[in-house]
Amino acid sequence: FIISYGTCIGYQSMVSPANCNVHSITYAWLNVGVVGSEYTTIAVSLERYLGICHPNMKYSRSKWIYIVPVALIAVFYNIPRFLQFEYHIVDGTLHSCLTPWASTQAYYNLYQVWVPIIVEETIPMIMVLLLNGLILVTLYGSSKNFSAMTSNQSKNQKKTAKILLIIVTIYWMCHVLTIFYKLLYY
């Protein structure tokens with residue numbers, strides 16, 4: 001996300017803030033970065049869930065098992081954004097405009113308003129909350145075994161659970177605010 005956003009905003013701030021052509025070219029990549037970041041967070045939560053709740057699984061969890069699906073989701077979800085602009089060169093200058101189908105109200109309502117709220121906000125929020133909630137249940141569920149643990153193991157497990165709970169709470173609050181903002185904005 002930082003690379004895709006930095007390219008778009010960096011160019012606009014250094015060269016020409018009024019030049020929307022670069023933004024129309026980098027806009028799709030910016031959204032690939034956003035969706036990739038969101039679904040990478042889900043992948044990290046899934047890996048953490050499998051590592052904590054199912055430590056004895058009999059298969060190798062390679063990084064590619066997570067990277068490839070995240071990249072495919074991020075790119076395929078944004079294909080309409082790659083295709084929504086037409087480009088023309090007039091007098092040596094690049095000009096862009098929305099394609100006829102991308103300038104319809106139905107496209108705007110569906111793909112610019114509702115689908116992002118579901119795909120970019122709601123699904124990641126629910127998945128992260130679910131996976132980390134299952135981790136917390138596992139950690140606190142094993143509190144019955146705390147008496148068999150040493151004092152350090154018990155303290156570390158409680159500390160891990162508290163940190164995880166704080167991270168998930170902050171993540172969830174940020175996403176709820178983003179969903180409310182998008183709903184109020186549109």
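These legends go with three close-up views of a predicted model.

Local features here need pLDDT of at least 70, side-chain atom pairs count only at pLDDT 80 or more, and totals for chains, interfaces and linings use all residues. Residues are numbered from 1 along each chain as its sequence is written, and side-chain values use heavy atoms, leaving out hydrogens and water.

**View 1. A nonpolar patch sits on the surface.** Its members are W29, W64, I67, V68, L72, V75, F76, I79, L83 and W101, together offering about 990 Å² of accessible area (Shrake-Rupley, 1.4 Å probe, with only the protein chains shown as cover for residues). To join such a patch, a residue needs over 30% relative accessible area and no salt bridge, with nonpolar side chains (Val, Leu, Ile, Met, Phe, Trp, Tyr) linked within 5 Å; a salt bridge is a Lys or Arg side-chain nitrogen within 4 Å of an Asp or Glu carboxyl oxygen. Helix α3 gives the most, 6 residues. Helices are DSSP runs of H or I, at least four residues, and strands are runs of E, at least two, numbered from the N terminus. L83, in α4, counts as exposed because its relative accessibility is 52% (exposed is over 50%, buried under 20%, partly exposed in between; 1.4 Å probe, protein chains only).

**View 2. N31 is tucked into helix α2, residues 20–53.** With 7% relative accessibility, N31 counts as buried. Leaving aside residues up to four places away in sequence, N31 touches N78, R81 and E120 (heavy atoms within 4.5 Å).

**View 3. Strands β1 and β2 make a hairpin.** β1 (residues 85–90) and β2 (residues 93–98) pair antiparallel over 6 bridges; pairing takes at least two DSSP bridges. Look for E86 opposite its bridge partner C97 in β2. The strands have 2 residues between them, and D91 in the turn has a positive phi of about 55 degrees.

Conventions: Patch = residues over 30% accessible without salt bridge, like charges linked within 9 Å, V, L, I, M, F, W, Y side chains within 5 Å.
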